[in-house]
Amino acid sequence: MGGENEGKVQEKLLKQGAEGKLYIGTYKDKQCLVKERFEKKYRHPALDRQLTRQRIKAEQKAFQRCATAGVVTPALYGVDLEQRKIYMEYLDKAKTAKDFIDELTGSPGAEESPQLKKLAEQIGQMVGVLHKNNIVHGDLTTSNMLLDPVDTEETLPYRLVTIDFGLSHSSDNTENKGVDLYVLERAILSAHSQLPKLFGMILKTYCEHNTNRCDETIAKYEEVRARGRKRTMVG
């Protein structure tokens, strides 16, 4: 499926990395977010095309599995395998969970903030539901979670939206899920070092929502964590 009439509006680049770029474009006259994967010149063209198509299809399936599981993501509008593009909903008022937490961290008593506790619960629930449904995200960071404003009187007036499924895959392997948790822990310790209790708050709610061999996953996470510490000590 192609992005029809994409050229009618000025593209606005949001992010660019080694794998591709993210920009605002259009899909069937509707403003959207476009994720475009770059061609890898060092690979044989046929192999590069095959691998890119597989990666885009895997990401497309992740959106579909999340929808079935009840995990909120941007709406998927379509994909164009030939142009290496994914077209999805653009949430123009959303901010990353990282930015939101950074704002909270600037105020006294941030770790005891009701908003932080609520966000930790939402993150724990989201990851727990992913793993319950055998979805491994592959890059769990607070930069890959958006807070989209909603009209509510709740403590946290946002819905949590999970993004960037470029490394995601389907797996019932508890070690893969344990690695997912370890990646999240490392990301939080790195980005939010002033909030040492945050990951523990997330993990508590995670265990309440992952009813699919959760104890085994936590045990694997502890193993992965121990190996990571050993590597750090050895250098």
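What follows is a look at the two domains of this predicted model and the pockets they share.

Residues are numbered from 1 along each chain as its sequence is written. The model is predicted, so local features need pLDDT of at least 70, side-chain atom pairs count only at pLDDT 80 or more, totals for chains, interfaces and linings use all residues, and side-chain values use heavy atoms, with hydrogens and water left out.

Confidence comes up before anything else. The mean pLDDT (the predictor's confidence in each residue, from 0 to 100) of the protein chain is 93, with 93% of its residues at 70 or more. Residues 4-8 are a weak spot in that respect: pLDDT stays under 50 there, and the model gives this stretch 13 contacts (heavy atoms within 4.5 Å) beyond four places in sequence. Where pLDDT is low, the predicted coordinates should not be read in detail.

The protein chain splits into domain 1 (12-89) and domain 2 (95-233), with bounds from an automatic or database domain assignment. Their C-alpha centres sit 24 Å apart. Across the boundary, 14 residues of domain 1 touch 17 residues of domain 2. About 1200 Å² is buried between the two, 61% of it from carbon and sulfur atoms; buried area here is the accessible area (1.4 Å probe) that two parts lose on being put together, summed over both. On the domain 1 side, Arg65, Val71 and Val72 lose the most area to domain 2, together 38% of what that side buries.

Now to the pockets. A pocket is an open set of points on a 1 Å grid over the protein atoms alone, where a 1.4 Å probe fits, with protein on both sides within 12 Å along at least five of seven lines; lining residues have an atom within 4 Å of a point. Volume is the space filled by probe spheres set on the points, which are joined across faces, edges and corners.

The largest pocket has a volume of about 830 Å³. Of its 31 lining residues, Lys15, Leu22, Lys35, Asn144 and Asp164 are the closest to the centre. Both domains give residues to this lining, so the largest pocket lies between them. Strand E3 (30-37) supplies the largest share, four residues. By type, the lining comes out as twelve nonpolar, seven polar and twelve charged residues.

The second largest pocket has a volume of about 220 Å³. Among the residues lining it are Val71 and Val72, along with Gln122, Met126 and Arg159. Helix H3 (114-132) and strand E9 (158-162) each give two or more residues, and H3 has the largest share, with four. Each domain contributes at least three residues to this lining.

Definitions and conventions. Nonpolar A, V, L, I, M, F, W, Y, C, P; charged D, E, K, R; others polar.
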